[in-house]
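Reader: I would like to go through this model and ask, term by term, what each label rests on. Please set the values against the definitions as we go.

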Amino acid sequence: MEVPRVEAGYRPVHDRINDFGEVEQTLNTRDRKMQASRCMDCGVPFCHWACPLGNKNPEWNDALYKGEWELAYRLLNDTNDFPEFTGRICPALCEKACVLNLTDHAPTTNRENEAAITEAAWKENYIKPRNIKRNGRKVAVIGAGPAGLVAANRLNHMGYSVTVLEKNEAAGGLLRYGIPNFKLNKAIIDRRIRLLVEEGLEFRYNQEVDVTHLPEGYDAYVVATGTPQARDLNVPGRELKGVYLALEMLAQQNRVLAGAEFKKEELVNAKGKDVLVIGGGDTGSDCIGTAHRQGCKSVTQIEIMPRPVEGPDDPQNPWPYWPRTLKTTSSHEEGCVRRWNINTLEFLGKDGRLTGVRVQEIDWKPNPEGGRPIMVKKGKPEVIKCEMVLLAMGFLKPEQPKLADNVFFCGDAANGASLVVRAMASGRDAAAKVDALLGK
């Protein structure tokens with residue numbers, strides 16, 4: 001409590017919007033160790049409770065503070081297979097549950113510490129391929145997103161011969177095709193995949209698998225196909241050129257940065273355009289940052305739900321629960337008009353191209369019968385001028401068929417869209433279930 005919380009912060013806006021390099025900076029080693037010293041080894045560490053992976057934050061923070069970087073990584077990697085991912089993109093549920101967040105709203109910088117520990121481990125060659133003794137059993141993992149990768153990694157370390165079947169041209173799933181490079185450089189994924197291959201994992205790309213007709217020759221299957229169906233907005237004018245699902249832009253931009261080429265008419269690019277993002281979550285924020293880097297004219301973000309409380313406390317979700325307070329991301333800081341309680345009525349266009357969106361300001365009234373509040377109009381409809389709309393309204397939970405007892409669903413494929421860290425925890429659980437079935 002004697003050391004103030006210090007965050008590494010972001011690169012200056014005028015610098016970072018000109019490239020897709022990671023926006024987050026790093027502290028020097030001395031300052032990072034001092035931040036780790038703020039962890040108080042609480043009698044009841046609620047960070048354990050809040051983290052879906054059960055990370056042992058007090059233990060590895062103490063090792064970091066003492067300069068025992070390899071021990072810090074071993075403790076971290078014991079519960080977290082890929083801390084270089086969560087150290088960059090996790091919302092850090094553990095920090096909101098930190099006792100220091102209760103006392104003075106300045107929790108330990110767990111997420112940044114996690115990233116620093118892992119980068120040091122790679123730099124100092126603490127992370128090396130293991131020699132694994134095989135047990136003669138074979139497992140297929142369908143999908144190479146965060147859940148599938150964790151399941152495959154765990155099963156591989158248990159001795160199973162694991163084949164990962166991925167529909168895309170490279171591994172990573174949402175990490176590669178949903179999260180922009182300015183939050184997660186794809187070289188970080190490639191580095192980990194190379195290690196997994198050295199340890200014996202087999203990856204087969206461009207493999208579209210029907211889960212009702214799984215490939216033969218495996219003792220068990222882990223299905224980690226994510227939530228492929230985005231929530232759409234079927235209002236008049238949806239067919240106009242210029243209305244896109246968020247991942248149409250995000251995935252394409254990541255592929256362009258990886259060297260892929262697209263025809264001019266195929267490009268989803270915001271250059272010179274007024275952009276409207278519909279949806280107030282993290283995906284919408286990623287669209288804002290990407291639009292700026294593509295050279296947009298302006299960005300407006302609308303959300304149908306009410307504006308969250310300013311915080312830092314949320315009366316509806318008191319500590320140690322996650323506070324649903326207003327979140328301002330690095331992308332929002334780069335320039336964005338944000339509006340809440342806005343319902344979309346119609347996409348407007350001329351000659352087949354989008355020119356604007358007719359919207360209606362609304363209020364939410366309590367439902368006398370309980371359940372979902374009632375939407376009521378407020379004022380008159382208005383038109384927001386734009387040449388591009390990005391729909392970032394989440395994803396539909398997939399309905400999975402009932403399959404054989406040796407088939408296990410995990411991640412978003414099992415639970416619906418959620419956090420990467422929850423998908424990773426689900427992948428770990430799936431691996432344990434496979435081992436319980438086959439390891440007898």
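Reader: What makes the approach of the Glu166 side chain to the backbone nitrogen of Ala144 a polar contact?

Author: The side chain of Glu166 reaches the backbone nitrogen of Ala144 at 2.7 Å, and a polar contact is a pair of N or O atoms within 3.5 Å, where within protein one must be able to donate a hydrogen and the other to accept it, and residues adjacent in sequence count only if both atoms are side-chain atoms. This is a predicted model, in which local features need pLDDT of at least 70 and side-chain atom pairs count only at pLDDT 80 or more, while totals for chains, interfaces and linings use all residues. Residues are numbered from 1 along each chain as its sequence is written, and side-chain values use heavy atoms, with hydrogens and water left out.

Reader: Why is Glu166 called buried or exposed, and where does it sit?

Author: Glu166 has a relative accessible area of 4%, and buried means under 20%, exposed over 50% and partly exposed in between, with a 1.4 Å probe and protein chains only, so Glu166 is buried. Its place is in the loop between β2 (161-165) and α11 (174-177), where helices (H or I, at least four residues) and strands (E, at least two) are DSSP runs numbered from the N terminus. Leaving out residues up to four places away in sequence, Glu166 touches Gly143, Ala144, Gly145, Arg204, Tyr205, Asn206 and Gln207, contact meaning heavy atoms within 4.5 Å.

Reader: How do you know whether Glu303 has a salt bridge?

Author: A salt bridge is a side-chain nitrogen of Lys or Arg within 4 Å of a carboxyl oxygen of Asp or Glu, whereas the nearest side chain of opposite charge to Glu303, that of Arg372, is 8.5 Å away, so the buried Glu303 has none. In counting charge, Lys and Arg are positive and Asp and Glu negative, with His and the chain ends not counted. Glu303 lies in strand β7 (residues 298-303), and its side chain reaches the backbone nitrogen of Gly280 at 2.7 Å.

Reader: What makes Asp286 and Lys183 a salt bridge?

Author: Their side chains meet at 3.0 Å, N to O, which satisfies the salt-bridge rule. The pair links distant parts of the chain, with Asp286 in helix α14 (residues 282-294) and Lys183 in the loop between α11 and α12, 103 residues apart. Asp286 is buried, with a relative accessible area of 5%, whereas Lys183 is partly exposed at 26%.

Reader: Why is α9 described as largely enclosed?

Author: Because 11 of its 14 residues are buried, α9 is largely enclosed by the rest of the structure. What covers those buried residues includes α2 (29-37), α4 (57-65), α5 (69-79), α6 (83-89), α7 (93-96) and α12 (186-198).

Reader: How do you know that the span of α17 agrees with expectation?

Author: The expected span of a helix is 1.5 Å times one less than its number of residues; for the 19 residues of α17 this gives 27 Å, and the end C-alpha atoms are 27 Å apart, which agrees.

Reader: Which residues touch the most other members of the largest nonpolar core?

Author: Of its 42 residues, Phe203 and Val222 do, a nonpolar core being a set of buried Ala, Val, Leu, Ile, Met, Phe, Trp, Tyr and Cys residues joined through side-chain atoms within 4.5 Å. The largest share of this core, nine residues, comes from α17.
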